[in-house]
Amino acid sequence: MFKIAALAIIRGVTDSLKITPTDQPMIEKAQGEKVTLPCMFTLSQEDEGPLDIEWVLIPIDNQKNEQTIIMYTVDRVYSNYYEGMHGRMQFSNPDPKSGDASLEILNLKSTDTGTYQCKVKKAPGVQSQKIQLTVLVKPARTKCYVEGSQEIGSDLTLKCAAQEGSPLLSYSWRKLTGTGTEQLPATSLLNKNTGELSVKNASQDNSGTYSCIVSNRVGTDECFLVLNVTPPVNVGGIIAGAIIGTLLGLCLLAFLISYACKKHREKKYEKEVHHDIREDVPPPKSRTSTARSYVGSNRSSLGSMSPSNMDGYTKTPYSQVPSEDFERTPEQNPNFASPKVAAPNLSRMGAVPVMIPAQSKDGSIV
């Protein structure tokens, strides 16, 4: 009898509270998306105690302790337990006691990866359920580039690498055309794990636009590359051209320097000649002014003479006057005729008037 009663009690407790098993014990989501972790339960009449619902995060690292992230008790929700998910989680049903204790997490992060356990308590019943959540990062910031010489006959490698993305990443290459895609070169070899496409003995037929697609379980990303296979470069011609260009440049530079120096010397010489005036040499006298001063001096001496000293006066021939016309001989100036010079009014000066003789064409005194 006692054993039968005990079995009845255990069966009643077991049948009182049930959590509906989920068909997704493992869920994978991409970073930035949202997820709903299911936790549906049913109560019975035997469950008379208060209803408590608790979600716990069990980290991947076993050294870390379980972390309560949200709780429902005494008809209230408490969600300030875990700072890492603050503001990003909530019960999907505003009234969890209705039988839906599912948890909704927004804007997923890679750190949200872990095992989540839903615990439902209503005395005497206690049930729990675990769900594995994996947050993956989509491939992003993928770059394509060429390694090696892009010359005919050379070996080169097309490389593709995603800067972001959760493993396992898979790579694929394709060659694009105006109407679609075409097969990769027959001499190429693709490594899907590293994203390297090796091309042996490249030819101009390998030129074109290539696309690399990287993917994982939650997304894909793509980059493009233009391959231009050209004939080998004439290195000798490039070197010769560089040398000739350098020599021409040096010659031009030398010419410009020489021309500038020549111009500088010419300007310096002109400036020295312009300013080099000797102060100790007087300017040349005018012959006309010299003759006028000579005649004036003779007039002054005549005006001061008196009859008493006229006897000793010696007449000075006009041929000795330093005038330009008087210095010429009659042969050099045959048409010259000396005008008669009127004597000054000496009576006003208290002196005897004296007639100034004039010179004829043959040089005699008239």
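Modeller: Two strands pair if DSSP finds at least two bridges between them; strands (E, at least two residues) and helices (H or I, at least four) are DSSP runs, numbered from the N terminus. The model is predicted, so local features need pLDDT of at least 70 and side-chain atom pairs 80 or more, whereas totals for chains, interfaces and linings use all residues. Residues are numbered from 1 along each chain as its sequence is written, and side-chain values use heavy atoms, without hydrogens or water.

Biologist: Which residue is the bridge partner of Lys-175 in S15?

Modeller: Lys-175 has Glu-182 as its bridge partner. Strand S14 (residues 170–176) pairs with S15 over two bridges, in the antiparallel sense.

Biologist: In what order do the four strands of the open sheet stand?

Modeller: The order is S15-S14-S18-S19, with antiparallel pairing. S15 (181–182) and S19 (219–227) are the edge strands; each has a single partner strand, so one side of each lacks a neighbour in the sheet.

Biologist: Which residues make the nonpolar surface patch?

Modeller: A patch takes residues with over 30% relative accessible area (Shrake-Rupley, 1.4 Å probe, only the protein chains shown as cover) and no salt bridge (Lys or Arg side-chain nitrogen within 4 Å of an Asp or Glu carboxyl oxygen); nonpolar side chains (Val, Leu, Ile, Met, Phe, Trp, Tyr) are joined within 5 Å, like charges within 9 Å. Here Ile-239, Ile-243, Leu-247, Leu-250, Leu-253 and Ile-257 make one of about 580 Å². Ile-239 lies in helix H2.

Biologist: Is Ile-239 buried, partly exposed or exposed?

Modeller: Ile-239 is partly exposed, because its relative accessibility is 48% (buried is under 20%, exposed over 50%, partly exposed in between).

Methods
Buried < 20%, exposed > 50% of the residue type's maximum accessible area, 1.4 Å probe, protein only.
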